Amino acid sequence: MKVYRKPQWLRINLSQGRNLDDVENLLKKYSLNTVCREANCPNRMECFSKKTATFMILGKECSRNCKFCNVSHGELEEVDENEPENVANAALDLKLKHVVITSVTRDDLVDGGAGHFAKVIKTIKSNDPKIIVEVLIPDFKGDDEALSKVVKAKPEIINHNVETVPRLYEKVRPMAIYERSLQLLKNVKMMDNNIFTKSGIMVGLGEREEEVIEVFKDLRKAGCDFLTIGQYLPPSKKHYPLVEYIHPEIFEKYKEEALQLGFCFVASGPFVRSSYHAAEAMKNFQDNEEVLK
């Protein structure tokens, strides 16, 4: 794999922050996983220091082997029936107003874990109905019945990432289908148009700018409300290789293009990830609604 020298705009401040240990101890207390840690997210120091974390349910082992992802895919674990209560309690302890829940993909489960997602959402809401719940879900292999379980639990935001352009799916996401991911986002809106939908794409894997814009258009046709665009950073030499570092000016260009297409909110930048500053999308929308009133 060719080694690229990181540009200045990708240098991370490694200051841990005074709340890092507090969050780590809380996760241990409730036996919880976070995508921040399992996916080796570059923002985890910043987020933990602000007492925020994206909870990852259904275990640490994934049933798929996407070439970009640092989450492991070993022996699949039993579903922890105490997890919904533990996540809800952790959210209360952290005094979170916006909770993000994601998971590994569990193709081995009958409903792909959709029922477990629903239990987590409902438990959080039963503890505090004012908490905004955002879920980042897998594709459930296109199972509409499974998806409906999540929709009926009424999270405010359902996120499902397309990750990259269709041309690169075979190499980057060999067990996923681009059209199936778009259909999932469409189906959420058909089931409950009051739920916001969100998706994200990584850049720097060899995609062309025009391909990225076409993905934006496809997502808008699917009714997608929020969009994230971030730099791909290979977790190791075994993962899909980096092709290029994308300049911040290009990220800004992508943001402007996406907003012109009608997205309600766009986060675009080298360190942007699916749940990075997730609450800003909803707050931005709510602020705009107030202005329109």
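**View 1. Phe216, a buried residue of helix α9, and its ring partner in helix α10**. In this predicted model, Phe216 has a relative accessible area of 0% and is therefore buried, and Tyr254, with a relative accessible area of 2%, is buried too. Phe216 and Tyr254 form an aromatic pair whose ring centres are 5.9 Å apart and whose planes make an angle of 85 degrees, an edge-to-face arrangement. Because Phe216 belongs to helix α9 (residues 209-221) and Tyr254 to helix α10 (residues 248-261), the pair ties together parts that are 38 residues apart in sequence.

**View 2. The ring cluster that includes Phe263, with Arg220 over one of its rings**. Ring pairs link Phe263 with Phe216 and Tyr254 into a cluster. The charged end of Arg220 sits over the ring of Phe263, at 5.5 Å from the centre of that ring.

**View 3. Strand β4, enclosed on both faces**. Strand β4 spans residues 132-136, and 5 of its 5 residues are buried, so the strand is largely enclosed by the rest of the structure. On one side of β4 the buried residues are Ile132, Glu134 and Leu136, and on the other they are Val133 and Val135, so that both faces are covered.

**View 4. The parallel neighbours of β4 and the crossovers that connect them**. Strand β3 (residues 98-103) runs parallel to β4 and is joined to it by 5 bridges, with Val99 of β3 having Val133 of β4 as its bridge partner. Between these two strands the chain passes through helix α5 (residues 114-127), in a β-α-β crossover that is right-handed. Strand β5 (residues 157-159) also runs parallel to β4, to which 3 bridges join it, and here the bridge partner of Val135 is Ile158. Helix α6 (residues 144-152) completes a right-handed β-α-β unit with β4 and β5.

**View 5. The aromatic pair between helix α5 and the loop that follows β4**. The structure holds 5 aromatic pairs, one of which brings together Phe117 and Phe140, with ring centres 6.5 Å apart and planes at 80 degrees, so that this pair is edge-to-face. Since Phe117 lies in helix α5 whereas Phe140 lies in the loop between β4 and α6, the pair ties together parts that are 23 residues apart in sequence. Phe117 is buried, with a relative accessible area of 0%, and Phe140 is likewise buried, with a relative accessible area of 6%.

Methods. Residues are numbered from 1 along each chain as its sequence is written. This is a predicted model: local features need pLDDT of at least 70, side-chain atom pairs count only at pLDDT 80 or more; totals for chains, interfaces and linings use all residues. Side-chain values use heavy atoms; hydrogens and water are left out. Buried means under 20% relative accessible area, exposed over 50%, partly exposed in between (1.4 Å probe, protein chains only). Helices (H or I, at least four residues) and strands (E, at least two) are DSSP runs, numbered from the N terminus. Two strands pair if DSSP finds at least two bridges between them. A crossover is right-handed if, with the strands pointing away from the viewer, the path from the first strand over the helix to the second runs clockwise. Rings of Phe, Tyr and Trp (its six-membered ring) pair if their centres lie within 6.5 Å; planes under 30 degrees apart count as stacked, over 60 as edge-to-face and the rest as tilted. A charge sits over a ring if NZ of Lys or CZ of Arg is within 6 Å of the ring centre and within 35 degrees of the ring normal.
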